[in-house]
Structures are given as structure tokens and as C-alpha cells.
Amino acid sequence: MEMVNIKINGIAVSVPKGSTVLEAARQTGIEIPTLCYMKDINEIGACRICIVEVNEGRGFRMVTSCVYPVSEGMEVLTNTEKIQKNRKTTLELILSTHDKSCLSCKRSTNCELQKLCHDYGVDQTNFEGAKPHYEKDLSAAHLVRDNNKCILCRRCVATCQQQYVSVIGANDRGMDTSIGQPFDLPLNNTPCISCGQCTAVCPTGALTEKDDTDKVWAALADPEKHVVVQTAPSVRATLGECFDMPIGTNVEGKMVAGLRRLGFDKVFDTDFAADLTIVEEASELVDRIKNGGVLPMITSCSPGWVKFCEFYYPDLLPHLSSCKSPQQMAGAVIKTYYAEKMGIDPKNIVSVSVMPCTAKKFEIGREDQSAAGVPDVDIALTTRELARMFSRLGINFAALPDEEFDSPLGDDTGAAVIFGATGGVMEAAVRTANAWLNGATEPIELEAVRGTQGLKEATVDLNGTELKIAVASGAAAAKVVMDMLKAGNPKGWGFIEIMGCPGGCVNGGGQPIQPQYVRDTVDLKAIRAKALYDQDKSMELRMSHESPVIKKLYEEWYDGFGGHKAHHDLHTSYVPRKKYNF
């Protein structure tokens with residue numbers, strides 16, 4: 001690798017040729033502040049916060065470090081008085097049109113603009129003038145757009161483009177510029193897939209998940225309601241970040257303890273329903289293979305991916321497994337099997353989920369998701385919302401003891417745990433299919449589908465039949481897969497896992513917010529996923545069909561695998577969706 005020699009703040013360093021000044025500074029342990037920059041995604045130099053002074057032999061001048069390349073002999077100054085004054089003025093200009101209601105903002109204390117203003121001593125602006133006002137867009141089930149807090153960094157736009165969806169962009173010009181949908185349509189009238197990736201990268205409170213915590217507080221306060229909660233596999237690997245614990249800390253026991261202290265009547269693990277999903281998906285796959293069903297079969301656990309297919313590839317919907325997601329299967333079991341066992345009217349059960357995914361808020365309102373004649377799940381919270389509930393109640397999360405989920409709907413296997421990582425659903429399904437068709441007694445370790453890359457492939461032997469599989473995460477990778485299917489499936493895939501978010505649920509749109517410099521320099525997806533694979537490896541049961549809870553459920557309630565009752569409760573349907581509603 002060709003290197004160039006430069007000086008940063010008087011320190012001689014050698015960095016790879018082609019590096020930007022920002023990248024070079026990071027390699028030497030200096031963090032230049034940014035607001036719009038996202039590595040490899042949004043490198044546009046728009047916010048002007050990352051300015052530095054460089055000298056390439058003609059005297060010092062100011063440049064934006066995120067886009068300016070280093071050159072041999074360059075001198076760089078990153079924090080002179082002139083630079084600080086310039087950054088402070090830029091922050092004051094941003095604040096001049098910004099809604100500064102920080103006390104009530106969900107992003108307070110975790111807002112990149114707020115932190116920079118604190119660092120540079122900006123608590124007011126010297127600039128007065130036009131201040132546009134925008135009505136909040138509350139149309140979508142999963143998020144709120146408040147352009148009064150938007151700083152036009154365009155991170156959300158770049159992220160939506162990365163997801164292939166591109167339903168948002170810059171409207172108008174100059175002082176009238178705003179981020180929104182084409183023709184100022186409400187977000188729910190566009191082909192938004194509800195993935196929420198935009199909320200995870202927004203540096204301020206302009207994009208936030210739609211907060212449903214008040215609904216939960218109201219249910220918990222209602223003596224007539226039996227309120228239960230389920231938590232998704234990946235939440236245990238991320239929730240600790242909201243309480244300053246190291247990335248990738250598994251906080252399962254503390255999470256359960258905290259939920260009990262909130263007042264839930266039962267605390268269940270969505271993992272049991274992940275095992276249930278695998279058994280149903282494996283049964284469906286085997287049936288399709290044996291009886292000439294539509295192949296390849298594609299998983300249906302991710303509501304963002306399902307919505308993507310309904311919008312962009314409606315002709316390929318028959319490839320989707322008809323299985324409900326684990327969230328919805330858990331809700332269905334709670335309001336049928338559990339309700340009957342406990343002698344509770346399903347109408348009096350409030351079923352709450354804690355998910356890594358904003359699309360889950362959309363999913364609970366889908367049709368054909370009501371096994372007991374009432375919604376399978378009533379309220380879907382994100383990881384971030386749960387953290388705010390703990391904070392409101394004054395729970396010292398780090399000091400909580402470890403407690404276990406309520407049984408039996410809290411028991412699981414390692415196969416269920418890895419659902420939260422891209423490739424986890426595939427590996428779990430193959431473990432069961434391999435056991436059923438090959439008689440395997442040990443779980444297969446499908447290393448080929450692990451890792452955070454967008455598209456992965458492998459071939460497995462199922463009783464003499466080679467099954468070619470693919471795993472895609474992120475809508476852009478999903479598009480590659482679906483375009484290949486439209487072209488005739490030249491690679492011969494028989495089973496495909498697709499997740500709507502890059503890296504899978506550990507990187508869902510409802511996960512804890514990390515500052516962009518952390519997202520740029522730390523592989524969040526890999527570290528969070530490792531916590532799940534480590535738990536899987538330590539568990540006694542690692543194949544879904546081995547779960548005693550699942551066996552008992554099919555014996556007592558579903559009259560064996562593949563029955564009509566299981567199909568009624570645990571399967572759903574899909575609909576082609578119109579992209580724009582004018």
C-alpha cells in the first residue's frame with residue numbers, strides 16, 4: 001500500500017494514499033467533529049463542521065476534512081482558534097432555524113448537535129431571521145418526522161438510498177429546502193418499508209420512532225388488564241448500550257428483572273416463538289421440496305423485508321414463507337394457548353413486545369394477524385422505548401440482579417437466540433431440516449452464512465439432496481437477490497433468508513442510538529451478533545425442534561406438526577401494495 005507523509009498538529013504521520021484528512025486524523029487518534037458525514041454513505045461536506053486548515057505549500061487555507069484528500073508533505077491543523085470560531089458560527093447558524101425544545105426531545109443528552117453546542121459553548125444564536133415552521137408528519141405507524149429539528153445533513157436521505165427505497169429527499173431550494181417525500185406526500189402514502197434506519201442515523205430529534213410507551217403505562221395501570229411482554233432475541237445484546245454498558249454486553253437477566261419491576265404480569269421470551277417459527281418454516285420447506293411447492297422459499301420474519309417485497313416485487317410473493325414472524329407467533333400463542341390455560345379472555349390480555357425494529361409497529365396492524373379474533377400483539381416498543389421506561393421509573397439498570405423469563409413461554413434453544421443476527425434464521429432452520437432429513441443429532445455450524453456482509457451463499461446436503469441457500473441483509477442486498485430470481489434463479493437457490501436491515505435485527509432501526517463516529521469506526525453489527533452466537537454456543541439445547549416447550553405445545557394444542565390449527569394460528573398472507581397513493 002502506497003503511503004504519504006503528512007503532519008497533523010505538528011505530529012509527523014504516514015497514512016495510506018487516497019485517505020481523506022478526516023480519515024488520516026482518525027488513524028492518528030484525533031476525532032474531527034462532523035454532523036453530516038457517514039463513512040462510505042454520506043461523504044458530502046455539507047455541514048461544514050469538519051473544517052480544518054491545510055497547507056500544501058501555498059499557505060494555510062480551510063477545507064472540509066471529510067472530502068479533502070491528503071497529499072505528500074501536507075500540514076494539517078485541526079483545532080486552531082480560527083477553526084473553533086468558524087465551527088461556533090456554523091453551529092449558531094444551524095441553531096437560528098432549529099427548534100430548541102431540548103428538554104422534551106427524545107434525543108436530549110444523545111443528540112450530536114446538542115453535544116457540539118456544549119463542546120463549543122454555544123447556548124444561543126446571534127443570528128435572527130426567517131424561521132420556517134413545519135407540521136410534524138405523524139402519518140406512518142412507525143416514526144415521526146419533525147422538520148423543525150432537521151439540520152439538512154441528509155444522512156437519512158443517503159441511508160434511504162442505501163436501502164434502495166429512496167422515498168425521501170430534498171424538496172425546494174435555499175431557505176425553503178426541507179427533507180420529505182415526493183410532492184410532499186405523507187410518509188404512509190409512499191413505498192417506505194418502515195425499516196427505521198433513518199431514525200438510527202439522524203443526529204438530532206428530527207426523526208424518531210413513534211413513541212407508544214404511554215399506551216403501556218396506561219395498560220399497566222389498568223386493574224382489568226393482564227399485561228404480558230415478550231422480548232426479541234437481539235434486544236438482550238443491545239439494551240445495555242442505553243445504560244453505558246459495553247457494546248455487545250448480554251443483559252438478558254437484568255432486562256427480565258427490569259421488566260418485572262415495571263409491573264408486567266408475565267415476562268416472556270420471543271425466542272420460544274423463534275423456535276416455533278423454525279419448526280413451522282422447516283416443515284413448510286420440507287413440504288415444498290417433497291411436493292413440488294414454490295421454490296426457493298424465502299423467510300418472512302422481517303416485516304420490513306416483507307413490506308419491501310409487497311411494494312417492489314409483488315409478483316414474487318408466492319416465494320415467501322407463509323409463517324408469521326416470531327413476534328406475531330408469540331402473540332398468537334399468548335392469546336390462544338396461554339389465555340385458555342390461564343382462564344383469561346384474550347380481550348383482557350394486553351400483549352406488548354420489545355423489538356429491535358420499527359417495522360414491528362407496522363406489522364402489528366397488518367391484516368390476518370389475529371389468531372384469537374383480536375390482534376396478536378397490541379403494542380410494539382423499540383429497544384430505545386424500553387430504556388426510556390426504565391429511566392422514567394428510576395431503575396438502576398446496571399445494578400439489577402439477573403432473573404429468568406417466566407416459563408414455559410420463556411424457554412428457548414440456541415437456534416432461537418441467533419435469530420437476531422443475519423444468517424441466524426437460516427442456520428437455525430437448516431439445523432432442524434438437517435436433523436429431520438439426515439437424522440443429525442448435533443447442530444450444524446453453518447459458518448458460511450455468518451458475518452455481516454450483505455449477501456452470503458452456501459450449499460447443504462439434506463439426505464442426498466443438495467440445497468443451495470442464500471442470506472441477504474438490507475433492502476439493497478434483497479434487491480440483488482430478487483432481481484436474480486426474476487432472471488430465472490441462475491444460482492439455483494432453494495432457500496433464502498432476507499432481513500430488511502443491514503446486519504439483521506442487531507442493527508434494526510429501533511436499536512440504541514450510537515454517535516456516528518462510533519458507527520463509522522466500530523463494527524456494531526459484528527460485536528452485537530457475537531453476543532448472540534456466544535449464548536447459542538453455551539446452551540444445552542441448540543436445535544428448535546428439541547425444545548420441550550415446542551413439543552408440549554404441539555402435543556397439547558396443535559395436534560402434531562403440520563396441522564390445520566397450527567396453520568390457522570401461526571401463518572398469514574401477503575398483499576401487493578401500491579407504491580404511491582396520490
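In this predicted model, about 480 Å³ of space lies in the second largest pocket. Its lining comprises 21 residues, and those nearest the centre are I94, T97, C150, I151 and L152. Helix 2 is the main contributor to the lining of this pocket, giving three residues. By residue class, the lining of the second largest pocket holds 11 nonpolar, nine polar and one charged.

**Helix 2 and the five-stranded sheet**

Helix 2 (residues 81-95) also lies across strand 3, strand 4 and strand 5 (75-77), and its direction makes an angle of about 150 degrees with strand 3. These strands belong to an open sheet of five strands, ordered 2-1-5-3-4 with mixed pairing. Strand 2 (11-16) and strand 4 (60-64) each have a single partner strand, so they form the edges and one side of each is left without a neighbour in the sheet. On average, neighbouring strands of this sheet are turned by 35 degrees against each other, direction ignored.

At one edge of the sheet, strand 3 (residues 51-55) pairs with strand 4 in the antiparallel sense over five bridges. Within this pairing, E53 has M62 of strand 4 as its bridge partner. At the other edge, strand 1 (residues 3-8) and strand 2 run antiparallel and are joined by six bridges. Here K7 stands opposite A12 in strand 2. The hairpin of strand 1 and strand 2 has two residues between the strands, and N9 takes a positive phi near 55 degrees.

**The chain as a whole**

The protein chain contains 19 helices and 17 strands. Its radius of gyration is 25 Å, close to the 25 Å that the globule rule gives for 582 residues, so the chain is as compact as a globular protein of that length. The C-alpha trace spans about 80 × 55 × 50 Å along its principal axes.

**The largest pocket and the cavities**

The largest pocket has a volume of about 640 Å³. It is lined by 26 residues, of which T109, N110, E241, C242 and I513 are the closest to its centre. Strand 9 (207-209), helix 12 (383-392) and helix 16 (516-521) are the elements that give two or more residues to this lining, and helix 12 gives the most, with four residues.

Five cavities of 30 Å³ or more are found in a search of the whole structure. The largest cavity holds about 250 Å³ of space. Of its 24 lining residues, C301, P356, K360, M499 and C505 are the closest to the centre. Helix 9 (303-312) and helix 10 (326-342) are the elements that give two or more residues to the lining of the largest cavity.

The second largest cavity has a volume of about 150 Å³. Among its 18 lining residues, those closest to the centre are C160, V167, C192, C195 and C198. At least two residues of this lining come from each of strand 6 (143-145), helix 4 (155-162) and helix 5 (197-201).

The residue classes of the linings are set out below.

| Space | Nonpolar | Polar | Charged |
|---|---|---|---|
| Largest pocket | 12 residues | seven residues | seven residues |
| Second largest pocket | 11 residues | nine residues | one residue |
| Largest cavity | 14 residues | nine residues | one residue |
| Second largest cavity | 11 residues | six residues | one residue |

Notes:
Residues numbered from 1 in each chain as written. Predicted model: local features only at pLDDT ≥ 70, side-chain atom pairs only at ≥ 80, totals over all residues. Heavy atoms only, no water. Pairing = 2+ DSSP bridges. Axes fitted to C-alpha atoms, helices over the stretch in contact; angles between N-to-C directions. Contact = heavy atoms within 4.5 Å. 1 Å grid on protein atoms, 1.4 Å probe; cavity = no way out; pocket = protein on both sides within 12 Å on 5 of 7 lines; lining within 4 Å. Points joined across faces, edges and corners; volume = space filled by probe spheres on them. Nonpolar A, V, L, I, M, F, W, Y, C, P; charged D, E, K, R; others polar. Rg over C-alpha atoms; globule rule 2.2 N^0.38 Å.
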